[in-house]
Every structure is written in structure tokens, then in C-alpha cells.
Amino acid sequence: MTSFTIINASQLQLVFSERIKNPAALQAKNYALTPSIDIQLISAQRDTVKLYLAEKLISGTNYQISVRNLRDVFGNIMESTSLTREYLEISPAGPGDVVINEILYQRAGATAPEFVELYNRSSENFNLANWQLGDGTDLIDIGQLIQLKAGQYILLTGNEKLASTKANGHYLPGFPSLNDNEEAVYIRSDRQVTIDSLYYYSRWGGSDGISIERKDPLAASNDASNWTTSESQDGASAGNINGSYSPDESPPGILFSSRKTDGLIEVRFTEFIQISESLVFTLDGSALPVEQFVPSRGNRIWLNTPSGKQKKGKSATISIQNLTDVKGNITPSASIPIAESVTPGSVVINEIMYNPLSESEDNQPDQSEYIELRNTRDYAISLEGFSLHDAPDENDEIQTLVPVSSTSTYLPANGHLLIHADEALDFSESQTAEFFELSGLDPNRTVRIDRGTLSLASQNDAIYLADSTGATIDSVYYDESWQNPNIVDTRGVALERINPNGPSSDASNWSSSTTDKGGTPGSENSIYQIPGTQPEEIGISFTPNPFSPDDDGYEDHLFINYTLDQPDYLLKVRIFDRYGRLVRELVDGEQAGYEGSLQWDGLTDSGNRNRIGIFVVLFEAYDSSNGSDRTFKEVVVLARQL
């Protein structure tokens, strides 16, 4: 007897190595089934015998068939023999009963294997005969009598050696050649029902000879957050429970929300969600109906905006009730601001670390270059697709820095974004995080450039911030001379912007960080100041007065605020000490506009400190075209801590 097959619960099939002869083959006494079930009918043809049972087999039970006294056509009597098989009750499979659980799509070498692992996550048993495995271009028959029990794994591969080393490995001639970058993979039942499908990307994980694994078989197949790089570099987990198996017990969160040009609001989530009657989206108390939701892209949704709620450039927050993921985890309530499109001046370059400390023998973490951006608006702003570049050269060419990813990147109202260059994938392991002790900084407020340095120069360098179309949002032409002249060694000291709304490339709006660590990446600048309001009447005012330029980061700069009666004036502003001696010519010939602010750092024209005391500000606005002019003279007090 060469094979024993259980065709169904009432029918067995035996195949022999040669033709057998009746009538012995038709006598029930020559067959014994354990556990015992009576044989009701026997048919015999050539080398095959079929046994029809009086009772049905029990699923999950091992049955042994024993055969004796059969003769071949020459009258030779066969030796008594027996074979054992497990009977499984087979059910038709539906979508999601079997899932793609692991994929090795990038070979370690030309002859190395690729594979797809399947997992039966249902409580039923399936026969995979006549099922199909496909990718974006090929579709092949699994073509084998493969019984897949509930909770069991199988490995499908085009590599005979790998299949032979796995107890549940199956060699498939014509196995699809999986792409290294991205590819569709799906399985289809004998009834042409798609049981599972996904479209993977290389960013999901995996590398040469290392697979990607599903974290939770019960979570969504097409959800990138449900996949990761296998921790087993020899494929040891293939055909078994994944090494990265981690049941999804975390409720879904909100990543990003933005207003689209067609008026819809897009909301993105940390994982795939499901639509339910209890799921509610609101904006300022008004319900937001769902316009579009595609389950295969289940980590995002598009909402309709109620009439009167479509104003751009206004702070707005979406509230969500009963947000549920595919696994069934629920977030009772959550909210996120709606990010508006970035416009020139809405986001500015706020801090620059261009000359970091890097000492090999100081037993201290090294600094690294970074650039900090700041949102100058009172509403969230999207930075998806942004980039940095330097000034165009004589051939109008630029060097561009593009983040590893800016997908779903946004700045909350008046918030900061830290841009750093580091080879460490996790920000908490970067040089910037270690030196400035930023392990607790929200990783959504950082972006990484995949290189060792930002290549910032110390002198006469330019930084441009561009949106996804390449349009300039802000630019700074900085120089080392912008540092505080009283600091002897400016290595490891960042340039910080004083007034976020002030001019970007004006040296008077920048100075050295006053912190012990030399910078404030990810938080408010140490020298941050904003001017007071302009005078309601024509004239000038000071903020603060007194001011104290002692480099402690508090009221170090004087803002001279002005209001004029026409926009065409040019300004000449000079500062005198109490003896009438000129100590600083602040501006000469600068265009004024109706109103504005100027800054004084308390230094003389030669960069020296002034003594404490009273100073006179002579503010002159003149228009030579019509002969009009305005002159104001006010007193300010320069103070320091004694």
C-alpha cells in the first residue's frame, strides 16, 4: 500500500504499488480501521480501493487503516501493512480566514530563496488544493493537497532546499519573482475568492535575505504599521510564529489632519480603522460627514466640511469620538488641529547650529548640526514635501536636503520642528538628542536627513526653506559675525532668532544662544523676544524700558516701535549717551512703511558694551520727494544686574 487518503468524512482511498485481484479486495474482513468504524461498501479498480464507511469520521482524529490477505494478479499475497492519517473536517474559506503572515521579497543572493508564509487565523480547517498565489504579474496554482489546520502556518517557496528543511514547507514550481521595492501579493481560493491581499513597500522593512513579518495576524493586512523587519536573519521563524509577534492592544491615534483644495478635510491615523455607527467627527460642534473611506487605505478618511466652516488661516480642531481599529481597540475621544498649507513667512528658520562641538577626548557626547523651524501663525501648518537648499551657484544649481520622510509632518500653532542629520534611525539615539538630553521630545516634532552632516558653513552661508513645489518659504543668509561679539569661542553655540516675525536675514534679529549647552533645539529660543504694539498715535515707543543687554536671555534687546502717517518715509535712527556722544547709528535710509519695529542690542557701532544709564534715541523719518519729515526724541534706560 503506497498511500492512504481521506477523501471525505465517509470515504477512504487506498493506492497500491501494483494491480490487485478480486474477490479478496472486496472483502471487508481484509480491512481494519482504528478507531473502529464498519465498512459499508468497497469498490476496487486496478491499483485503487475505495472504502465507504457506515459512520462519519471525527475531525481531528488520527485513523489507522490496516490491510491484509490481498493478492496481486499473479496470486502473490501482500504482507500486512498499515498507514495513519489525521482526518480534518474541511470548510470553505472566506476573506480573511487565511492571511499572508511573512514575506521574504529580497533575496540574499541570486540563488537564495524567496517565500510567502500563510497563517490560518480562523477556527476552521481548509484544503488549499486548487488555491492560487499571485503577485502583480504572475498567478500560479498551489496545486497540492495541502490541509491547513486552524492556527497552523505553511511556507510556500520556489526553493526546493528551503521547502525540504521545513516540516510545513511546500515547493511551488514557478513561484512568483517578488520585486525588491514594492509588490502586490494575494491568495485566492478554489472558488476564486480573494482570501487575503496586500501591497508591500520596502519602507515596511526587510533587506537582503531578511523578511518582513506581520506583528498581529488579526490586524489589517495592508497596514504598514502592522509589519516590521524580522529579527531572525536566517529565516528561522519562517513557517512558525513570527519573532516579532505582538498582539495589537493599543487603541488607534491621530497622526495628521489637513484641509484640501477641494474643501474636504483629510484625517490620517496611526493604523487602519473601521467605520461604525458610533464613530463621530465634529468641527466646532458641527458634525463632519464621511465623504470617502477606502478599507484598503484604512488609515485615512476624507470628511465634508459644513457650510461656514471652510475658512482657511484660522485655528480649527477636529474632535473624534469612538475611534476603533481593525482589531477592535477603541479610543473614546481624541482631537487634532487642521493643518493649513504653508505660505511664505508662515514658517521661518529659527535656530542654526552650524559649528557643533565634536571632541574625541572629552568623554562627552558630541553635538551635531541642526536647523530649527518655527510656526509664526496661531494655527497648524502642514510641511509635507518640504526641503532645504543652499543659494543657487553661478550655474543656477542648488544642493538640496530632503528629509527621510515628511509625510504627515506639521507644525502646531507657534510650534517648532527640529531638522537634524544622523544615521541613527531613532531620534532618541541621535547625537542631538543625547547631547541636549531630548529623549522625551515628541518624535513628530523632528525630521531626519539621512547623512552625517548638514554641511553648514560658518561664514556667508545661506539656508532656504522650500515647500513641496519648490517655492521659497523663508531664507537666511547668516554669518559668524552675527554671534555675540563678547563670546570668545562660538564653537558649539547656535545662532538663535530673536523675533520670529522679524526679518530673516537681518543680523540685528539674530544672536548667540545664552544656554549652557549652546542651543535650544525643539523649544523656545533663549533670546526670544517680541516687540510691543506700535503706538496708536504717530510716534515711537520702547519695549522693554529699561532693557538689560547682559546676555542672560531676558530683555536683552530693545524694540523701537513706531507709527507714521505715510508709508514712503526713509528712516535714520541714532542713539546717544547722556553726554550727547553718538554710540550707535542703528539705521540710515531704511524704508519705513506705516509702522514697524527696530532692534538695538545695547552695543556700540564697534561692538562694545555701553555703560548702564540713560540713552537718547533720535528717530528721524524723512521723505525728500515732498519735503515732509518727522522727528522724535525719547529716553531709554540701559540696565544690568549688579
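The exercises below, each with a worked solution, concern a predicted model.

**Exercise 1. An aromatic pair**

Task: Classify the ring pair of Tyr 370 and Phe 436, and state which parts of the chain the pair ties together.

Solution:
- Step 1. The search of the whole structure gives 15 aromatic pairs.
- Step 2. For Tyr 370 and Phe 436, the ring centres are 5.7 Å apart and the planes stand at 85°. Planes over 60 degrees apart count as edge-to-face, so this pair is edge-to-face.
- Step 3. Tyr 370 belongs to strand β32 (residues 370–375), while Phe 436 is in the loop between α2 (431–435) and β38 (446–449). The pair therefore ties together parts that are 66 residues apart in sequence.
- Step 4. Buried means under 20% relative accessible area. Tyr 370, at 0%, is buried, and Phe 436, at 7%, is buried as well.

**Exercise 2. A second pair**

Task: Describe the geometry of the pair Phe 547 and Trp 600, then place both residues in the chain.

Solution:
- Step 1. The centres of the two rings, Phe 547 and Trp 600, lie 5.5 Å apart, with 55° between the planes, and the pair is tilted.
- Step 2. Phe 547 is found in the loop between β43 (539–543) and β44 (558–563), and Trp 600 in strand β47 (residues 595–600). Parts 53 residues apart in sequence are therefore tied together by the pair.
- Step 3. Phe 547 and Trp 600 are both buried.

**Exercise 3. Charges over rings**

Task: Which rings have the charged end of Lys 517 or Arg 445 over them?

Solution:
- Step 1. Lys 517 has its charged end over the ring of Phe 435, at 5.0 Å from the ring centre.
- Step 2. Arg 445 lies over the face of Tyr 410, and the distance to the ring centre is 4.8 Å.

**Exercise 4. Strand β18 and its partners**

Task: Determine whether strand β18 is largely enclosed or not, and list its pairings with β13 and β19.

Solution:
- Step 1. Strand β18 covers residues 182–188, and 5 of its 7 residues are buried, so the strand is largely enclosed by the rest of the structure.
- Step 2. With strand β13 (residues 132–135), β18 pairs in the antiparallel sense over 4 bridges. Here Ile 187 of β18 stands opposite Leu 133.
- Step 3. With strand β19 (residues 194–201), the pairing of β18 is also antiparallel, over 7 bridges. Arg 188 has Thr 194 in β19 as its bridge partner.
- Step 4. The hairpin of β18 and β19 has 5 residues between the strands, and Gln 192 in this hairpin takes a positive phi near 65°.

**Exercise 5. An open sheet**

Task: Identify the edge strands of the sheet ordered β35-β34-β39-β40.

Solution:
- Step 1. The sheet is open and has 4 strands, with antiparallel pairing.
- Step 2. β35 (400–401) and β40 (472–478) each have a single partner strand, so these two are at the edges and one side of each lacks a neighbour in the sheet.
- Step 3. β40 pairs with strand β39 (residues 461–466) in the antiparallel sense over 6 bridges. In this pairing, Leu 465 has Asp 474 in β40 as its bridge partner.

**Exercise 6. A surface patch**

Task: Which residues form a nonpolar patch with Val 635, and is Val 635 buried or partly exposed?

Solution:
- Step 1. Ile 614 and Val 637 join Val 635 in the patch, which has about 220 Å² of accessible area together.
- Step 2. Val 635 is located in strand β49 (residues 628–638). Its relative accessible area is 44%, so Val 635 is partly exposed.

Key
Residues numbered from 1 in each chain as written. Predicted model: local features only at pLDDT ≥ 70, side-chain atom pairs only at ≥ 80, totals over all residues. Heavy atoms only, no water. Patch = residues over 30% accessible without salt bridge, like charges linked within 9 Å, V, L, I, M, F, W, Y side chains within 5 Å. Areas by Shrake-Rupley, 256 points an atom, 1.4 Å probe, with all protein chains shown as cover. Salt bridge = Lys/Arg side-chain N within 4 Å of Asp/Glu carboxyl O. Buried < 20%, exposed > 50% of the residue type's maximum accessible area, 1.4 Å probe, protein only. Phe/Tyr/Trp six-rings, centres within 6.5 Å; stacked < 30°, edge-to-face > 60°. Lys NZ or Arg CZ within 6 Å of the ring centre and 35° of its normal. Pairing = 2+ DSSP bridges.
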